[in-house]
Amino acid sequence: MRLIVAAIYLVGVIGPAICQTSTPPAQASIRDQIRIDSFQSRTRGDNYGIASFVISNTTDKPLNSIELTCWVDDDRANGTKVLVWPSPRSIPAHDQQQFSNVNIGLVGQSARAGCEVTGAD
């Protein structure tokens, strides 16, 4: 009888321990893994912003497209989504690429523009 009680106790204690799963390690945010460096912008005569920057890919995968959110004067809530595609095909893992003459939307004459990476494929 003691053997049966001991076996039931062990199954009751070991069962939940076997079923537990470990939590995956926290992943770095996309802004930490895919960065915009050397950002510069200018305003065309029609008040559209034109930017040049470097995309740094510190991930283990190549990037085929990058989604940016660009804003004016720290107003991130009203930002514009901008898609950029590397040329010729992708930005290899742990590499970077220069982008020039990227239209980042309507910014105004005296505005200060900024962009951040918000998605990638």
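Which residues have the most contacts inside the largest nonpolar core? They are Phe53, Ile55, Ile66, Leu68, Val84 and Phe99, in a core of 19 residues. The model is predicted. Two open sheets are described below, one with the order β1-β2-β5 and one with the order β4-β3-β6. A disulfide joins Cys70 and Cys115, and three phenylalanines, Phe39, Phe53 and Phe99, form one aromatic cluster.

**The nonpolar core**

- Six strands each supply at least two residues of the largest nonpolar core: β1, β2, β3, β4, β5 and β6.
- In soluble globular proteins, nonpolar side chains tend to be buried together.
- Phe53 and Phe99, both among the residues with the most contacts inside the core, are buried.
- Phe99 is in contact with Ala51, Ser52, Phe53, Ile55, Ile66, Val84, Trp85, Pro86 and Ile91, leaving aside its neighbours within four places in sequence.
- Of these partners, Phe53, Ile55, Ile66 and Val84 also appear among the core residues with the most contacts.

**The sheet β1-β2-β5**

- This open sheet has 3 strands, and their pairing is antiparallel.
- Strands β1 and β5 each have a single partner strand, so one side of each is left without a neighbour in the sheet.
- From one strand to the next, the twist averages 20°.
- Strands β2 and β5 run antiparallel and are joined by 9 bridges.
- Phe53 has Phe99 as its bridge partner in β5.

**The aromatic cluster**

- A pair of aromatic rings is described by the distance of the centres and the angle of the planes.
- The structure has 2 aromatic pairs.
- One of them is Phe39 with Phe53, a stacked pair at 6.2 Å centre to centre and 20° between the planes.
- Phe39 sits in β1 (residues 34–43) and Phe53 in β2 (residues 48–57), so this pair ties together parts that are 14 residues apart in sequence.
- Phe39 is partly exposed, at a relative accessible area of 26%.
- Phe53 is buried, at a relative accessible area of 0%.
- Phe53 also pairs with Phe99: the ring centres are 5.6 Å apart and the planes lie at 20°, so this pair is stacked.
- Phe99 belongs to β5 (residues 95–106) and Phe53 to β2, so the pair ties together parts that are 46 residues apart in sequence.
- Phe53 and Phe99 thus meet in two ways, as bridge partners and as a stacked ring pair.

**The sheet β4-β3-β6**

- This open sheet also has 3 strands with antiparallel pairing.
- Its edge strands are β4 and β6, and each pairs on one side only.
- Neighbouring strands are turned by 30° against each other on average, direction ignored.
- Strands β3 and β6 run antiparallel, with 7 bridges between them.
- Ile66 has Ala120 as its bridge partner in β6.
- Ile66 is also one of the core residues with the most contacts, and Phe99 is in contact with Ile66.

**The disulfide**

- A disulfide is a covalent bond between the sulfur atoms of two cysteines.
- The structure holds 1 disulfide.
- Cys70 and Cys115 form this link, with their sulfur atoms 2.0 Å apart.
- Cys70 lies in β3 and Cys115 in β6, 45 residues apart, and the pair links distant parts of the chain.
- The link is right-handed, with 110° about the S-S bond.
- Cys70 and Cys115 are both buried.

**Backbone features in the loops**

- Most residues other than glycine have a negative phi, and most peptide bonds are trans.
- Asn47 is not a glycine, yet has a positive phi of about 70°.
- Asn47 lies in the loop between β1 and β2 and is partly exposed, at a relative accessible area of 26%.
- Asp74 is not a glycine either, and has a positive phi of about 65°.
- Asp74 lies in the loop between β3 and β4 and is exposed, at a relative accessible area of 55%.
- Ser87 and Pro88 are joined by a cis peptide bond, with omega about 15°.
- Pro88 lies in the loop between β4 and β5.

How values were computed. Residues numbered from 1 in each chain as written. Predicted model: local features only at pLDDT ≥ 70, side-chain atom pairs only at ≥ 80, totals over all residues. Heavy atoms only, no water. Phe/Tyr/Trp six-rings, centres within 6.5 Å; stacked < 30°, edge-to-face > 60°. Helix = DSSP H or I, 4+ residues; strand = E, 2+ residues; numbered from the N terminus. Buried < 20%, exposed > 50% of the residue type's maximum accessible area, 1.4 Å probe, protein only. Core = buried A, V, L, I, M, F, W, Y, C linked by side-chain atoms within 4.5 Å. Contact = heavy atoms within 4.5 Å. Pairing = 2+ DSSP bridges. Axes fitted to C-alpha atoms, helices over the stretch in contact; angles between N-to-C directions. Disulfide = S-S within 2.5 Å.
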